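Visitor: I have a structure to look at. Could you walk me through it?

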2 protein chains.
Amino acid sequence: MDDGGWRPVKRTRTFEDVLAQIERRIAEDGLTAGDRLPAERQLAEQLGVSRSSVREAMRVLESLGVVSSQVGRGPDAGAVLTSRPETALTDLLRLHLGMAGLELREVIDARHMIEQWAASHAASAGAGTSALAAALSGMDGARTAEEFVEHDTAFHCAIADASGNRLISAIMRSLRDSMRRYAVEAVERLGDTATLRAGHVRILRAIEAGDADGAARAVSEHLAHAYPSLFDH
Amino acid sequence: MDDGGWRPVKRTRTFEDVLAQIERRIAEDGLTAGDRLPAERQLAEQLGVSRSSVREAMRVLESLGVVSSQVGRGPDAGAVLTSRPETALTDLLRLHLGMAGLELREVIDARHMIEQWAASHAASAGAGTSALAAALSGMDGARTAEEFVEHDTAFHCAIADASGNRLISAIMRSLRDSMRRYAVEAVERLGDTATLRAGHVRILRAIEAGDADGAARAVSEHLAHAYPSLFDH
DNA sequence: TGGTTCGATATGGTCTGACCATACTGTGGT
DNA sequence: ACCACAGTATGGTCAGACCATATCGAACCA
């Protein structure tokens, strides 16, 4: 055991260095959505690494919804900073749900929390009622379970949007998107969409009336009806 | 405008195909955390693509907390499925906060929502009080703002953990980690940690007493005291 | 028999250099 | 003023090489 001659070995992978450098540059230069990053080849030369490593870093940033790459030439080409947490969150949740690393119950509880919060905030602030009403009226034409879920998602996301908090909105939308498959199954199993529609109407009425507690309660009952097996507690 | 001769061009990038194939394999074979993926070279040959494309797909999966790569040889080497949504969420939030794609206010509101929810659930279920008490007692030794924030984070995450929902726990931990910098600033600006400690005690007491509404109120007041400028509404 | 040493091997990590498809840029001709 | 076309910068992909690491296994020694 000769520890005496120990010297710091390379522990971070090259692409992680690149990530750190890019993140540092974003922070120091105050880059925001819309700004362009240097081209891959240029960045590779600047940082003294291969283009492969730069590309792997780009893939990470892209998967986290921070950059978007466009081919070709011109002002819009190259790696452009974006702010799309939704897509990243959706992928993340979908993959972890698929691997059974998360259970449906946990996702639905999170939805429950967000919708209650958003509905009572919307009721207190008296905001977003027109968007909600629009989403509600759009549901009448839905014939298949898929169509119904599509409009249902729009309505529930409109509740979250009414909160004005982009992070919570993004989480809500990702939760819905990642569990779309299960939502369709739930609607098909339930058969009856009339009660679900009625639940939406009650939520909207409570928000319009500025009744925060009533809105939260309506959300709760609506979800309990849609997923009865998960609300045994 | 000659649209007549349109033919299906390649729209999806190769590494996205690889991602889809891997996701399909996870779903069909029922792979879960701990299972191994084929080696990069092998996967490349199976799918008829280059190793670079497989590697870019791996980087994405790794950044989303779905796989973890180990070098070397043996049963634990290679790409192993994992379930680490926290790390991915933390990176995602930190990057978006850094680019000003999200505002601190939104992150703190989300924290507020989660902690209220978790505290009232913990109070109703009477769960997690011992972990909370342990986290609370650990705070007494904190001298610097950094140390205080460290223990503060542990306490607040313990509240989320008490909910038993891994997704909400992961979101909470990521929110805290990504705003650690701002939390330290807030504590330094505030100076007084005694009131913050007292707030923790009130939260714990309410949870121990099974007082869900009281716990939610205590959380609310605690956060309002810590970030007064963000609670003007 | 048991342990140790050391080469073979499988894995991810990195680099180089090439080629392709795309989309703008600028030039030159009409 | 318009249009056609070559030039060029960009990301996307590939092939092949080499390195570092960690295990495996056989040969070797005690």
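Guide: What follows is a short round of questions and answers on a predicted model.

Visitor: Into which domains is chain A divided?
Guide: This comes from a domain assignment. One part covers residues 14-81 and the other covers 86-230. The names are domain 1 (14-81) and domain 2 (86-230).

Visitor: What distance separates the centres of those two domains of chain A?
Guide: Take the centre of each domain over its C-alpha atoms. Then compare domain 1 of chain A with domain 2 of chain A. The separation is 36 Å.

Visitor: Which residues come nearest to DNA strand C?
Guide: Around DNA strand C there are 26 residues. Both chains supply some of the nearest. They are Arg13(A), Thr14(A), Ser53(A), Arg73(A) and Arg51(B).

Visitor: What share of the DNA strand C atoms within 4 Å of the protein belongs to sugar and phosphate?
Guide: Count the atoms of DNA strand C that come within 4 Å of the protein. Sugar and phosphate account for 66%.

Visitor: Which residue has a polar side-chain atom 2.7 Å from a base nitrogen of DNA strand C?
Guide: Sort the contacts by what they touch. Ser53(A) has a side-chain N or O atom 2.8 Å from a phosphate oxygen of DNA strand C. Arg73(B) places a polar side-chain atom 2.9 Å from a base oxygen. The base nitrogen is the partner of Arg51(B).

Visitor: How many residues of the surface near DNA strand C are charged?
Guide: Split the surface by class. Seven residues are nonpolar and nine are polar. The charged residues number ten.

Visitor: Now the other strand. Which residues come nearest to DNA strand D?
Guide: DNA strand D has 27 residues around it. Chain A and chain B both appear among the nearest. These are Arg51(A), Arg13(B), Thr14(B), Ser53(B) and Arg73(B).

Visitor: Which residue brings a polar backbone atom 3.1 Å from a sugar or linking oxygen of DNA strand D?
Guide: Two arginines use their side chains instead. Arg55(A) has a side-chain N or O atom 3.1 Å from a phosphate oxygen of DNA strand D. For Arg59(A), a polar side-chain atom lies 3.4 Å from a phosphate oxygen. The backbone contact belongs to Gly72(A).

Visitor: Which elements of chain B give two or more residues to the surface near DNA strand D?
Guide: Set the chain A elements aside: helix H2 (40-47), helix H3 (51-63), strand S1 (67-70) and strand S2 (78-81). Chain B then leaves two helices. They are helix H1 (14-29) and helix H3 (51-63).

Definitions and conventions:
Residues are numbered from 1 along each chain as its sequence is written. Chains are lettered from A and ligands numbered from 1 in the order in which they are written. This is a predicted model: local features need pLDDT of at least 70, side-chain atom pairs count only at pLDDT 80 or more; totals for chains, interfaces and linings use all residues. Side-chain values use heavy atoms; hydrogens and water are left out. A residue is near a molecule or strand if one of its heavy atoms lies within 4 Å of it. A polar contact is a pair of N or O atoms within 3.5 Å; within protein, one must be able to donate a hydrogen and the other to accept it, and residues adjacent in sequence count only if both atoms are side-chain atoms. Helices (H or I, at least four residues) and strands (E, at least two) are DSSP runs, numbered from the N terminus. Domain bounds come from an automatic or database domain assignment. Ala, Val, Leu, Ile, Met, Phe, Trp, Tyr, Cys and Pro count as nonpolar, Asp, Glu, Lys and Arg as charged, and the others, Gly among them, as polar.
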